[in-house]
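Take a look at the structure below. We will walk through it step by step, starting with a single residue and moving out to whole domains.

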Amino acid sequence: MRFAFEDRQVEFRDQLRSFTEKECTAAEVRAAWDSELGWSPDRWAAMAELGLLGLTVPEDLGGFGFGFLDLVLLLEEAGRSGLPEPLLETVGLAVPLLLDLPGPEADGLRAEVLPRVAIGESVLTVGLSSMVAVPAAAGADLLLLEDAGELHAVAPAETRLIPRPSIDGARRPARVDWDPTPDTLLASAAESAPVLARLADRAAVGTGALLLGVADRLIASAAAYATDRHQFGVPIGSFQAVKHQLADALVRLEFARPVVYRAAWSLDSAEPAVSRHASMAKAYAAEAALGAARTALQVHGAIGYTWEHDLQLWMKKAWALSTAWGDAADHRARVLEALLAEAAGPG
Amino acid sequence: MDLRFTPEQDAFRAEVRAWLEANVPSEAKGTGPLPSLDTAEGFAAHRVWEQAMFDARLSVVSWPEEFGGRGAGLLEWLIFEEEYYRAQAPTRVGQNGIFLLAPTIFEFGTPEQQARYLPAMASAREVWCQGWSEPDAGSDLAGIRSRATRKGPEGEGGSWVLSGQKTWASRGAFADWCFGLFRTDPTAERHRGMTYFLIPMDAPGVTVRPIAQLDGETGFAEIFFEDVEVPDDQVLGEVGKGWSVAMATTNSERGLSLRSPARFTEAAGRLLALYAEQALLDPVAAGRSADAVARAAMDAEAYQLNTYWTVTRVLGGTPVGPEASMNKLHWSETDLAIHRCALDLLGPEAELLDADGRPGPWLDGFLFALAGPIYAGTNEIQRNVVAERVLGLPRS
């Protein structure tokens, strides 16, 4: 039992933090939200230089071959900085999905696409037929889409996109209209089922990791504001009514962290209860971020309610990400079902 | 990161489980459950149980061997606790001493004090209660007024005379010894001039008045000190440094030592079983509690994960700091949520007492859980600690 990250994993996170502090300031996040694409191809290229985009790509295809434990702190940092680029969609979801696909049929696609992902020349996203809209669809060079339980690889030219703008200006969801054909088919429904189950688990953990970073940023901003802002001649952070809200928000965040980290370990370790761990991660992280957003706004007061103040960027991420890939109540229902099944034993 | 236990740890778990299965008093064995800890008879029965655990070197696994432990690590201690609650073994009558005082004796006690007090504590030959709170000093612990005045020569061979009143002393009605803070320098500033004393409860001048708790039993007591003479070798740590000595104890109470996650994960397991039963009887009514059951079970598991996370850090050399206050907030709220949820599932049966007029397990657990946000520093004090010492907010 050793529940801690390796030095390498922490160092990579620190490297990304140094990068985002220079290249992904709140002004940069705003600029991205205002841009046509919603994110910056230049920053994507710089992320490739850092080695971020090849993280989950196998070594023989030009990447590092790392797993979710290596990714989870980076996603947390992406949430903390508000990084607009589709890191989760490409590196956390689409690449592992391609690697999960069975059979030599997928080898060709992997050999073609993954080296390009690692050098930043291919952006991927994933979508399910149950989704209202697919995030990062407009900028993607390849869309991995589910239809009737089958997985397909669809080029942008074969799709018609109807933008469905999100309150989080970086997510850029769009309804994707497309026609499944034998040419787009990647895997049959039977082959796809376990792959899609793993995708759902990764999406829950990955979104949970982003939410940890969002909650961290919201609480840090509110604590800083409560120290600076004076009323009645004293900093508002000296009032217990303010202190206790922030303390509760921090407790929710600090207890969500190990829940998300455990789920990342379970993803990499073929742990039988991985789906329950993933759902617990999403549920916990969503509650932490929603609670942090509510508290941060209340602590800021009217200034936090303005367009001008940067607080809105992270609150909006909290709201959007907390319902993406299943809201907290959905995931709690899954956790309960799994716990009852585990208690009842096999058969 | 590796969240699996080693084969040695699994073997230790198996040993503990086997011993508990063979020895925990139970109805099936015709030996239990033991009578309530808050009666003279029950207190005596719990001492016998502790002695049996001590003889198997299981009462204090993490202590050094010379004091009756196994020198086991924190992870092994957590494994022991998981098995202990899983086996539904008796409440630890010696827990105030073992979990609150012992860490302080290890840190501040002389070798003579360690040899004198620790083995007797570990075997429950001597059971300890805590003499901290006073009628006018609860959350504001530094406001204590009980005093100790010097008698005899300075330095070696003298003694102190204690007077004052302590209250809310858990196990106080039947305990053999009391550890407490007394003011030795009335002229010093609030947080100074206090000294940590070890006092036998049968010393002349000590009077105990048991207090009935919410469940009607005398779980805690008031203790009156009228000119109680205590020799120098019953001072723990330096004279006048009682506050910092006491804070070491407080940290172990709020932090890892007392609140192993096992109590909550075990209760959450019973909650799930109760939910499954009720869902068969009345799925619609049970369904209304489904989200609350899931939340409570997740909160217990999150506490367990957080504990493993913290233990790994402690084993790496980082002490538990003010984040111990976050643990206290989380476990006390979790414990209440689990029990409140169970009572809701029981519906109209929740309020009913058993044939002896006692609350059943869930109601009893609920009453016990209600104390959690109050003792060991109220949750309001803990939120202040988190806000000021973790988030860096300005003091009031």
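Find the loop between helix H10 (311-323) and helix H11 (328-344) of chain A; A:Trp325 sits there. Keep in mind that this is a predicted model. A:Trp325 is not a glycine, yet its phi is positive, about 60°. Is this residue buried or exposed? A:Trp325 has 26 C-beta neighbours inside 10 Å, so it counts as buried. The cut-off for buried is 20 or more.

Now switch to chain B. B:Asp227 also has a positive phi, near 50°, and it too is a residue other than glycine. Its setting is a strand: B:Asp227 lies in strand E7 (residues 220-231) of chain B. Count its surroundings next. B:Asp227 has 11 C-beta neighbours inside 10 Å and therefore counts as exposed. Here the cut-off is 12 or fewer.

Go back to chain A and to helix H11. Which helix packs with H11(A) at an angle of about 145°? It is helix H9 (residues 274-300) of chain A, and the two axes are 8 Å apart. The crossing of H9(A) and H11(A) is left-handed. Several residues make this contact. From H9(A) come, among them, A:Ser275, A:Met280, A:Ala283 and A:Glu287. H11(A) contributes residues including A:Ala328, A:His331, A:Val335 and A:Leu339. What classes of residue meet here? The contact of H9(A) with H11(A) has 7 nonpolar, 3 polar and 5 charged residues.

Step back and view chain A as a whole. Its domain assignment gives domain 1 (7-187) and domain 2 (191-344). Taken over C-alpha atoms, the centres of these two domains of chain A are 22 Å apart. How many residues are in contact across the two domains? On one side are 32 residues of domain 1 of chain A, and on the other are 33 residues of domain 2 of chain A.

Look at the domain 1 side of that contact in chain A. Four elements give two or more residues to it: helix H2 (26-34), helix H4 (68-81), helix H5 (87-100) and strand E3 (150-154). H4(A) gives the most, with 9 residues. Sorted by class, this side of domain 1 of chain A has 17 nonpolar, 6 polar and 9 charged residues.

Notes. Residues numbered from 1 in each chain as written. Chains lettered and ligands numbered in written order. Predicted model: local features only at pLDDT ≥ 70, side-chain atom pairs only at ≥ 80, totals over all residues. Domains from an automatic or database assignment. Contact = placed C-beta atoms within 7 Å. Nonpolar A, V, L, I, M, F, W, Y, C, P; charged D, E, K, R; others polar. Axes fitted to C-alpha atoms, helices over the stretch in contact; angles between N-to-C directions. Left-handed = near helix turned anticlockwise from the far one by under 90°.
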